[in-house]
Amino acid sequence: MSNNSNFLKLDFDCRKITSSNIADAPELILQGSTEAVEKIKQDEKISRIKGEAYPVILKIQNQLPFDIKNLVFSAETFIKAEGIGSTYSLNLDQNEINISTNSIVEITLFDACGFSEVFVKLKSVSYIGKNKKSDNRYKSNSPLLININDFTNSFNGFSNDGERKVHLLLENYLNNSLPLRGWLLGLMFQLLKRANSGEIEIHDKKIRLTEDDLARTRASIQLDIISKIMMYIEDLIILNSAILESSGNYYELLDRKDPDVGERITKFFTIMENLKPNDFGKILSYVNLDTISMSSSEKQIVQKIMDSNIENFKNYLKYIKTFRETHKQIFRRYKHAGLPIRLGAKSADPFANKKFDSYAMIYVGSDPFTNVLPLPYSEEVIQSYDIMIKILQQFLNDVIVNKMTMIQRRCDGIIPLESYKQYMLTEKEKSDLSKAIEKFYESNPMRMYQQHHRFNTNIKKDDLKWYFDLDEFLQWFNKQTKN
């Protein structure tokens, strides 16, 4: 699975700037561009909106683990205003920008105030990177279409309120929930590594682990890892169901009782074998190629990639289903009252053709002496968890990003940029795929949205009683300990 955490990102943006948020305006201004654009406004008698500015911004974010030097970019923009027949085209170029690692630079290209629509596109990027080598790799939302009327509508630029909510929820999961679960899992794997060294540290106290202690510690950490994988599975299937059944608003499914979340996930895995390729295509937000214009050879290679990705997705879901079926009772017992689990048993009745280091015994039935499920531990078991986590993270990322891209581009589906399988494509296939992707995304550019959301909370004291009365509890507790 690919790791996209380290990259150079160049994204276009636009903001509404007034006297109340002037601090949000970038400090850097692209030399010459502002004068050229303001001359167009003067020549065409384009009126500005009093007290407002709409700077078009290039945001450069260096997430590479090293500084970059002498960044050069070339872009172009097409601008138009209501009542003007001509669309103006301008080149936007900048040389020799230096950006430290983990830094962000924002450059105002020009002020779009007075224009009805702006289309901006990166043409080329180059920079000096690691070991003083020239590089041109980057990620971007280019090209971007900024429609001022859409951008300033009551839905933050989205077509309607439902679309805005879906995008907010998906964006939140992608940038908060998905990495949070991964971060917590990472802590568990680190803790397991320390335990395997024979020593752990709890409350600043180092504890040497005997063989029995190690078996119990491993089982404890293993159970927590399983629980977080099961949560990832719940996330993926709820997202799949929300996209398949409706608009993708998974939040609407979380509190329903008929069926509840667990029943809904079971239902999805039950009907999974009967789902058609078009159903999986909908989950992955793939476009129907019959609805777009492309050559037969372009269509052939794109369809090949889409069909292959759908087949891989289905096959991985079968293993995900097996993991859930194996661990659903274990997960229930771990998260429910009483924790009816015995950790670190040395042996169990033979039930597999593999040898395991130790077991946890999970009481799963009515009689805790006979209805027991052994949970085995070994390095291979932990390796399988690590693989499953990466699979789930990849598909969660793709399902969400694809759906968000549909919304952001206001299109009926997307073309995948890569295959889950490593195909040996011919030069002709590579060329056809590249042309198809470029034409599709140029004809369906990213749209501009307001990314800032206000949360209008109507909380009552009883909703957060613990926190409202926190001083009272602490005072009471301190009094009890003194007495």
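Colleague: How much accessible surface does the protein have, and what share of it belongs to carbon and sulfur atoms?

Modeller: Keep in mind that this is a predicted model. The accessible surface comes to about 27,900 Å², and carbon and sulfur atoms account for 49% of it. The C-alpha atoms fill a box of roughly 90 × 70 × 55 Å along the principal axes. Of the 483 residues, 43% count as buried.

Colleague: Thanks! How many helices and strands does the protein have?

Modeller: There are 12 helices and 16 strands. As for contacts with a separation of 6 or more, 75% of them are between residues 24 or more positions apart.

Colleague: And the charges: how many positive and negative side chains are there, and how far apart do the centres of the two sets lie?

Modeller: The protein has 65 positive and 63 negative side chains, with 2 Å between the centres of the two sets.

Colleague: Let's turn to pockets. How much space lies in the second largest pocket?

Modeller: The general idea first: rolling a probe the size of a water molecule over the atoms shows where empty space is left. Here, the second largest pocket holds about 610 Å³. Its lining has 23 residues, and the closest to the centre are Phe 323, Thr 326, His 327, Ser 384 and Tyr 385.

Colleague: Which element supplies the largest share of that lining?

Modeller: Helix α8 does, with 8 residues. At least two lining residues come from each of α8, β15 (372-377) and α9.

Colleague: I'd like to look at a residue in each of those two helices. In α8, is Lys 318 buried, partly exposed or exposed?

Modeller: Helix α8 spans residues 296-335, and Lys 318 lies in it. Since the relative accessible area of Lys 318 is 38%, between the 20% and 50% cut-offs, this residue is partly exposed. Leaving aside neighbours within four places in sequence, Lys 318 is in contact with Met 272 and Glu 273. Lys 318 and Met 272 are 46 residues apart in sequence, while their C-alpha atoms are 8.8 Å apart in space.

Colleague: Now for α9: why does Asn 402 count as buried?

Modeller: Asn 402 sits in helix α9, residues 379-409. Asn 402 counts as buried because its relative accessibility is 12%, and buried means under 20%. Beyond its neighbours within four places in sequence, Asn 402 is in contact with Leu 284, Ser 285, Tyr 286 and Ile 414.

Colleague: What should I look for in the backbone, and which peptide bond ending at Pro 143 is cis?

Modeller: As a general guide, most residues other than glycine have a negative phi, and most peptide bonds are trans. In this model, the bond from Ser 142 to Pro 143 is cis, with omega near -5°. Pro 143 is in the loop between β9 (139-140) and β10 (144-147). Another cis peptide bond joins Asp 258 and Pro 259, where omega is about 0°. The place of Pro 259 is the loop between α5 (251-254) and α6 (261-271).

Colleague: That leaves phi. What is the phi of Lys 45, and where is Lys 45 found?

Modeller: Lys 45, a residue other than glycine, has a positive phi near 55°. Its loop runs between α1 (33-43) and β3 (55-62), and Lys 45 is exposed, with a relative accessible area of 72%.

Colleague: And is Asp 204 buried or exposed?

Modeller: Asp 204 is exposed, at a relative accessible area of 75%. Its phi is positive too, near 65°, and Asp 204 belongs to the loop between β11 (199-202) and β12 (205-208).

Definitions and conventions: Residues numbered from 1 in each chain as written. Predicted model: local features only at pLDDT ≥ 70, side-chain atom pairs only at ≥ 80, totals over all residues. Heavy atoms only, no water. Helix = DSSP H or I, 4+ residues; strand = E, 2+ residues; numbered from the N terminus. Buried < 20%, exposed > 50% of the residue type's maximum accessible area, 1.4 Å probe, protein only. Contact = heavy atoms within 4.5 Å. Areas by Shrake-Rupley, 256 points an atom, 1.4 Å probe, with all protein chains shown as cover. Lys, Arg positive; Asp, Glu negative; His and termini not counted. Charge placed at Lys NZ, Arg CZ, Asp CG, Glu CD. 1 Å grid on protein atoms, 1.4 Å probe; cavity = no way out; pocket = protein on both sides within 12 Å on 5 of 7 lines; lining within 4 Å. Points joined across faces, edges and corners; volume = space filled by probe spheres on them.
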